[in-house]
Amino acid sequence: MNRKLAIIIGLQAFLIVLLFWLLVFYGKDEFETISEQTEEEIETISRVANKDGIAVVSVSPAAQKQSDIFTAQLKASSHQASISTYGNVVSIDGLIELRNRYLAVKSEIDVLKASFNHNKNELERFRALNQDNKNISDKVVANAAATAKADETKITAAESNARNIVDSMRQLWGDTLAQQATKPQASELLQALISNKKVLIQTTLPFDAAEPQANSSITIAPTAAPSHTMRADYISPAPITNSTIQGKTYFYHAVTNELRTGMQINAVTATSNKKSSGVVIPNNAIIWYAGKPWVYQKTGDAAFKRKPIQTDIEVENGWFYQGNLKANDEVVVSGAQLLLSEEFKSQIMNENDD
């Protein structure tokens, strides 16, 4: 009896194992079929297609609204290219010395002229007395004439000396500073330079750069602290070139107590002859990928293409750009990161399929 029971239990165990194996075998195919159907039924918000080697992200207008994807039209703009250059803070000791010499000579001329006028009047008086029955001798008249002539010669020499000093000023400092330095009363600019309330700066521009305009300015910063910028106003061309940088030199002045004579400065000026046309890319349209800036251009009601741009020229509220985008083109200004995620999610799915 025990043997029969053992056989029955063994058969039951065998049948249970067999049924379990059949269930697993046929249930696997059933499960895979259900999974495939489920995946096919999942609706994707966007799809990515490849057209001529460029990925195009498609998002329906309804999905765009739901995902807060918005675009803006690019505006035309023009830009006068700026030039980065170098300069240095210049000592005005030489200008002050020439000014003092000039003013001293001018004072000497005034004294000589006063003496000459006095002696000339005396000469005329002596001549009148000499002609009036020789009330004064010819020798006295001759001495008075010689004195007046000597004064006149000294005046001519002093005036020549003054002109030479002015010429030296022009050769070293240019017409504008020379004119200000030869005035008896120091101008506001010259007084500020002398009192160290302002500093004199010499910059060098390339030979093909446009001439700075009156009342124009540049942005300067110490070479050792390029982020510490300040404004410098144009004065005039500088007659002497920089010994290390070849180009056209100009004088500027800046209100600062932080720069010292001899300091090297960086300068940025918009005195380029070339004016370029392009568009302004808004700041909120730019996304960064692989260390480069990109934008998504809307190429249809539901189509977007990612395009590279350059961010070399910063302007107000964005970047000036010349390239494969033009005025009135639409770029994504909200939701660009979602499009980027969708684009690369599609790439990952394609790699998994492979």
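**Close-up views of a predicted protein model**

**Figure 1. The largest nonpolar core and its best-connected members.** In this predicted model, the largest nonpolar core has 33 residues, and those that touch the most other members are Leu95, Met169, Trp173, Leu177, Leu200 and Phe251. Three elements, α3 (93-131), α4 (138-181) and α5 (188-194), each give two or more residues to this core, and α4 gives the most, with 13 residues. The core also joins two parts of the fold in its membership, since at least three of its residues come from domain 2 (84-89 + 186-270) and at least three from domain 3 (93-181). In soluble globular proteins, nonpolar side chains tend to be buried together.

**Figure 2. The surroundings of Leu177.** When residues up to four places away in sequence are left aside, Leu177 touches Leu95, Leu200, Ile235 and Phe251. Of these contact partners, Leu95, Leu200 and Phe251 are, like Leu177 itself, among the residues that touch the most other members of the largest nonpolar core.

**Figure 3. A second nonpolar core.** Separate from the core described above, a second one is made up of 17 residues, including Ile83, Val89, Ile218 and Ala254.

**Figure 4. The whole chain as a setting for the close-ups.** The protein chain contains 6 helices and 17 strands, and 35% of its 354 residues count as buried. Among contacts in the chain with a separation of 6 or more, 72% are between residues 24 or more positions apart. The chain exposes about 22800 Å², of which carbon and sulfur atoms supply 53%.

Definitions and conventions:
Residues are numbered from 1 along each chain as its sequence is written. This is a predicted model: local features need pLDDT of at least 70, side-chain atom pairs count only at pLDDT 80 or more; totals for chains, interfaces and linings use all residues. Side-chain values use heavy atoms; hydrogens and water are left out. Helices (H or I, at least four residues) and strands (E, at least two) are DSSP runs, numbered from the N terminus. Buried means under 20% relative accessible area, exposed over 50%, partly exposed in between (1.4 Å probe, protein chains only). Contact means heavy atoms within 4.5 Å. Accessible areas come from the Shrake-Rupley method with a 1.4 Å probe; for residues, only the protein chains shown count as cover. A nonpolar core is a set of buried Ala, Val, Leu, Ile, Met, Phe, Trp, Tyr and Cys residues joined through side-chain atoms within 4.5 Å. Domain bounds come from an automatic or database domain assignment.
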